[in-house]
Amino acid sequence: MKKGRMLALALLLFVSMVQVFAAPSQELIDAAKKEGKVVVYSITSRIANAAKAFETKYGIKVEAYNLKDGELIEKVTREVGGNISGADFVICQDSGRVYGQLIATGYLVNFVPDSLKNVIPAQYQNPLVFQFINKVFIFNSEKTQTPVIKNVWELTEPKWKGLVQFKDPKLEGVNANFLTMLTSPEWSAKLAKAYEDLYGKKLVLTTKNAGYEWIKRFFQNGLILGNSDTTISENIGIKGQKAQTLGLFVYSKTRYDAAKNLALLPMPDVQPFSGFMYPAFLQMTKNAKNKNAAKLFIEYLLTEEGFAPWSKDVGSYSSNPTIKIDPDDKPVSYWAPRLVFEDPAFLFENRADVEEFVNTLSN
Amino acid sequence: MKTANRLKYFFRKPHNIILVLLFVSLAFLTLVPLFSLIRDTFIVHPSEIMSVRGAKINDVTLFHWKKVLLDGTKSFKLFYEPLWNTLKVSLFSSIIAIFLGGSFAWLVTRTDMAFKPFISVVFIFPYIMPSWTLAMAWLNFFRNKLIGGAPGLFTALTGIETANWFAYGIFPTSVVLGLHYAPFAYILIGGILRNMDANLEEAALILKASRAKIIARINLPIIMPAILSTFLLVFSSTMSAFAVPAFLGTPVRFQVLTTQLYRTLNGLNPGYGYIMAVVMIVIGLLILAVNQWYLGKRKSFVTVTGKSSNISFIKLKKMRPVISGAALFIVAAIAILPLLTFVVESFILAPGNYSFSNLTTQFWVGLGREDIGGGEPGILLNKSVYIAFWNSLKLSAVVALVVGTVGGLAGYAIVRGRGKKLSAIVNNLAFFPYLLPSMAFGAIYLSMFAKPIGFFPSLYGTFFLLVLIGSVKYLPFASRAGINAMLQLSGEIEEAAIIMGIPWRKRITRILFPIQKSSFLSGYLLPFISCMRELALFVLLITPANRVITTLLFQYNEKGWNQWANGINLLIIIAVLSINLLINKLTGASIDKGIGS
């Protein structure tokens with residue numbers, strides 16, 4: 001009894017100490033306020049809400065600009081490369097390009113706030129991860145609540161012809177990354193095994209490996225490419241449709257279910273993967289003008305308060321493990337074995353080939 | 001001494017001064033970018049280190065050319081097939097635009113059709129709307145079960161499921177672009193038809209020529225330059241249109257050069273994109289050459305001697321109600337209906353549910369809800385909408401002023417210097433920017449002006465850069481308008497003024513401009529509208545501080561936040577129309593150039 005109480009007390013003390021630690025130093029706050037302004041380019045639109053909250057809290061003006069992943073990389077390349085002042089820090093995605101084009105060139109600079117060095121797992125610290133985002137197989141759940149597929153190879157069967165949607169990998173780097181990762185030795189082996197598990201026979205290849213083979217058959221089975229995950233979520237989720245459809249898109253779009261009258265459920269147990277997960281990075285630019293304000297905002301975004309715009313819905317997972325996720329969602333540890341992750345080195349080497357391959361696939 | 005005298009004589013003519021000034025500045029603003037573009041097809045860009053193995057940034061390489069032209073199936077899918085699709089789309093939409101716009105221009109200017117003022121104004125709506133919003137309207141209407149979701153309005157109302165070829169791909173892309181650019185044909189052809197001296201027709205009538213013969217032998221030859229100009233303009237515009245094929249083609253994986261260009265410029269292989277841009281320019285140049293050849297063949301058509309006062313309307317007689325009704329129906333379908341869908345769509349909450357209970361003012365005056373569109377506030381409470389809108393207005397107004405004035409002067413100088421080499425060169429230079437695909441043009445200006453050039457400071461992120469690129473890009477509108485206006489104007493008018501000793505400035509402002517006021521003013525108005533709804537040209541050059549309304553609009557559309565997009569689209573249309581109305585009240589001119597009246 002007493003021991004338990006002691007433990008609780010110690011825990012409380014520890015938590016409060018962490019909290020003391022977690023606050024940014026007064027020096028930083030003062031310096032940031034002196035700059036008075038910070039510019040951020042972000043791949044997530046919810047940065048606008050975080051910006052508003054940050055402005056109210058510190059009185060520092062935020063210019064938040066929401067860009068697509070490829071656009072953001074191009075802009076940073078031009079601006080930092082030409083030493084033109086643009087963003088002070090960025091929230092970017094697309095590992096292969098971010099590593100190869102922005103980090104290797106020194107255009108982006110890593111910064112981990114002192115207060116978070118012991119909180120954020122070391123493997124997420126360089127480059128600093130802001131959050132993980134997942135895109136999973138999601139089906140229209142109006143008629144049935146049970147997942148409609150168990151194995152990704154089912155999607156290459158005539159049964160699903162023209163009923164599956166996916167955002168055009170040309171329009172978003174992370175989608176191209178996912179396809180690229182499937183051609184890696186690890187995932188192509190898993191795909192080959194999944195094929196055998198489903199059909200009880202060996203996969204006959206017409207391409208380099210099982211990864212390419214699945215991509216080819218997936219695309220040639222009347223896959224409908226879309227322009228936006230939001231639109232796809234509506235196309236799939238609207239109630240009253242005759243056909244049973246599904247899509248591979250951002251899990252967080254299911255948050256629109258109630259307001260938009262959609263019926264969407266994820267399928268977390270598809271073999272060998274249920275979708276993919278990718279990091280969004282928090283990085284300062286080499287020529288940041290408002291360095292301190294950027295640092296303060298970065299630190300803020302990694303706190304529970306700063307992450308609030310993302311944490312109240314499913315499908316966003318902060319790199320700071322103390323930030324609670326949505327009660328309906330499961331943590332990264334649950335998703336990790338179920339999803340395809342990015343390997344920057346592999347992507348850097350192979351993405352161009354896979355893109356080229358995908359471009360040759362017609363309906 | 002002799003050369004000095006010759007020079008002095010040369011520069012005594014105002015049009016020569018203008019020609020020289022234009023030559024110098026246009027060479028810098030269009031030819032330098034062209035060389036920089038060509039250079040870009042041979043070097044390794046930062047994002048290409050992933051695909052060009054072992055290369056370093058800025059290495060010289062033939063990689064892009066080999067991949068685009070000589071790599072079998074890959075080249076076919078990457079380049080040849082999209083190229084073929086581009087040519088088809090551009091050709092079809094040019095034909096649609098010229099046929100539709102030309103017919104309406106003729107009906108409005110030369111016949112006694114009813115409802116003219118209304119039709120005349122409404123017909124240009126599709127041009128005011130950013131082109132891809134028409135594509136969105138098409139999807140709202142004709143989408144079928146291929147992409148799922150709520151059925152399109154057409155299917156919902158009639159129960160008929162549209163065919164895939166009708167809903168997506170080359171057909172709707174061509175139609176939408178054709179409709180979007182039909183007002184071009186309408187304005188350019190209508191301008192000429194209206195000012196054409198009716199005496200020619202009357203003479204033919206007296207000689208008992210049939211109506212068909214008059215159209216074929218008199219009207220058509222006279223408007224041929226305008227038709228060719230329109231063809232050139234529409235063909236080039238549709239060739240560089242990106243958003244329409246992106247929205248209508250993606251579901252069936254219909255690829256054109258621009259969708260590949262967009263992907264490659266923002267993706268791993270900008271080098272490919274620059275090659276595609278070069279190809280598009282070459283195609284444009286070929287059409288331009290045909291145009292030149294035709295114009296050079298016939299010496300001149302002076303069709304306006306002073307202001308034509310007696311226009312005789314062709315009596316449609318029994319056909320009048322039928323034709324008027326049909327015309328009314330067509331403009332309603334292509335201009336009013338999309339507008340209505342924008343209005344409706346901006347008020348509905350759950351997509352596809354048009355019941356009264358589903359209406360909401362959330363997207364106009366709502367504070368922003370987390371469960372729809374990430375807490376974005378409604379349009380009228382949205383700070384960024386106001387900023388972007390103001391920037392757009394400012395930019396369009398400045399560009400229009402610059403372009404209209406420079407273009408009018410260019411038209412004057414080119415026509416007055418006709419037959420001289422310099423005039424021909426400037427004519428082509430002034431038109432050349434039109435052939436540069438907007439997105440690639442933006443990309444080149446970005447790399448050109450991102451660093452200081454000589455005494456020029458770096459212009460990236462400045463408002464001035466946007467004005468500069470807008471002015472160069474839209475100069476062709478104004479210079480064409482100016483040339484067309486001046487070509488119709490007999491030289492005797494100015495000669496008479498010269499004999500009277502009237503100074504040049506007065507000749508321009510008191511005589512030439514007033515006579516062809518509507519044509520010259522269209523040189524101000526077209527750039528204004530085009531600028532208000534331009535996206536591709538600015539998208540790479542925009543920084544947060546100077547973002548324009550179309551970037552916001554496109555972003556909303558791309559994200560699928562259609563209610564905001566539809567609302568903003570309405571705002572753009574309302575703004576342009578109000579300004580048009582204002583100018584109409586002040587000067588009597590109008591976008592449709594008061595064709596109706």
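Helices and strands here are DSSP runs, numbered from the N terminus. The model is predicted. On that footing, A:Pro127 lies in a loop of chain A, between strand E4 (108-109) and strand E5 (129-140). The peptide bond that leads into A:Pro127 from A:Asn126 is cis, with omega near -5 degrees. A second cis bond joins A:Gln271 and A:Pro272, and its omega is about -10 degrees. A:Pro272 is also placed in a loop, between strand E9 (264-266) and strand E10 (275-285) of chain A. Most residues other than glycine have a negative phi, and most peptide bonds are trans.

Positive phi values were found in both chains. In chain A, A:Asn261 has a phi near 60 degrees, although the residue is not a glycine. A:Asn261 sits in the loop between helix H10 (257-260) and E9 of chain A. A:Asn261 counts as partly exposed because 19 C-beta neighbours lie inside 10 Å. In chain B, B:Lys208 has a positive phi of about 65 degrees. The loop that holds B:Lys208 runs between helix H11 (198-206) and helix H12 (211-239) of chain B. With 7 C-beta neighbours inside 10 Å, B:Lys208 counts as exposed.

The interior was examined next. In soluble globular proteins, nonpolar side chains tend to be buried together. The largest nonpolar core of this model has 169 residues. Among those with the most contacts inside this core are B:Ala135, B:Phe184, B:Tyr186, B:Ala243 and B:Ile568. Helix H18 (residues 383-416) of chain B supplies the largest share of the core, 15 residues. Another core, of 112 residues, lies apart from it and includes A:Ala87, A:Tyr124, A:Ile224 and A:Val250. Within the largest core, B:Ala243 was traced in detail. Residues up to four places away in sequence aside, B:Ala243 touches B:Ser131, B:Trp132, B:Ala135, B:Leu535 and B:Phe554.

B:Ser479 gives a polar example. The residue belongs to helix H21 (residues 463-488) of chain B. B:Ser479 has 29 other C-beta atoms within 10 Å. The cut-off for a buried residue is 20 or more, so B:Ser479 is buried. Its contacts, not counting residues up to four places away in sequence, are B:Gly407, B:Ala410, B:Gly411, B:Ala430 and B:Phe431. Of these, B:Ala430 is 49 residues from B:Ser479 in sequence. In space, the two C-alpha atoms are 6.9 Å apart.

Helix packing was described for one pair in chain B. Two packed helices are described by the angle between their axes and the distance between the axes. Helix H4 (72-110) and helix H10 (residues 170-195) of chain B pack at about 40 degrees, with axes 5 Å apart. H4(B) and H10(B) are therefore oblique to each other. Their crossing is right-handed. The contact of H4(B) with H10(B) has 21 nonpolar, nine polar and three charged residues.

H4(B) also takes part in the interface between the chains. Here 49 residues of chain B are in contact with 54 residues of chain A. On the chain B side, H4, helix H13 (243-249), helix H14 (257-266) and helix H26 (549-559) each supply at least two residues. The largest share of that side, four residues, comes from H4(B). By class, the side of chain B that touches chain A has 21 nonpolar, 17 polar and 11 charged residues.

Methods: Residues numbered from 1 in each chain as written. Chains lettered and ligands numbered in written order. Predicted model: local features only at pLDDT ≥ 70, side-chain atom pairs only at ≥ 80, totals over all residues. Core = buried A, V, L, I, M, F, W, Y, C linked by C-beta atoms within 7 Å. Buried ≥ 20, exposed ≤ 12 C-beta atoms within 10 Å, placed from the backbone. Contact = placed C-beta atoms within 7 Å. Nonpolar A, V, L, I, M, F, W, Y, C, P; charged D, E, K, R; others polar. Axes fitted to C-alpha atoms, helices over the stretch in contact; angles between N-to-C directions. Parallel < 35°, antiparallel > 145°, perpendicular 65-115°, else oblique. Left-handed = near helix turned anticlockwise from the far one by under 90°.
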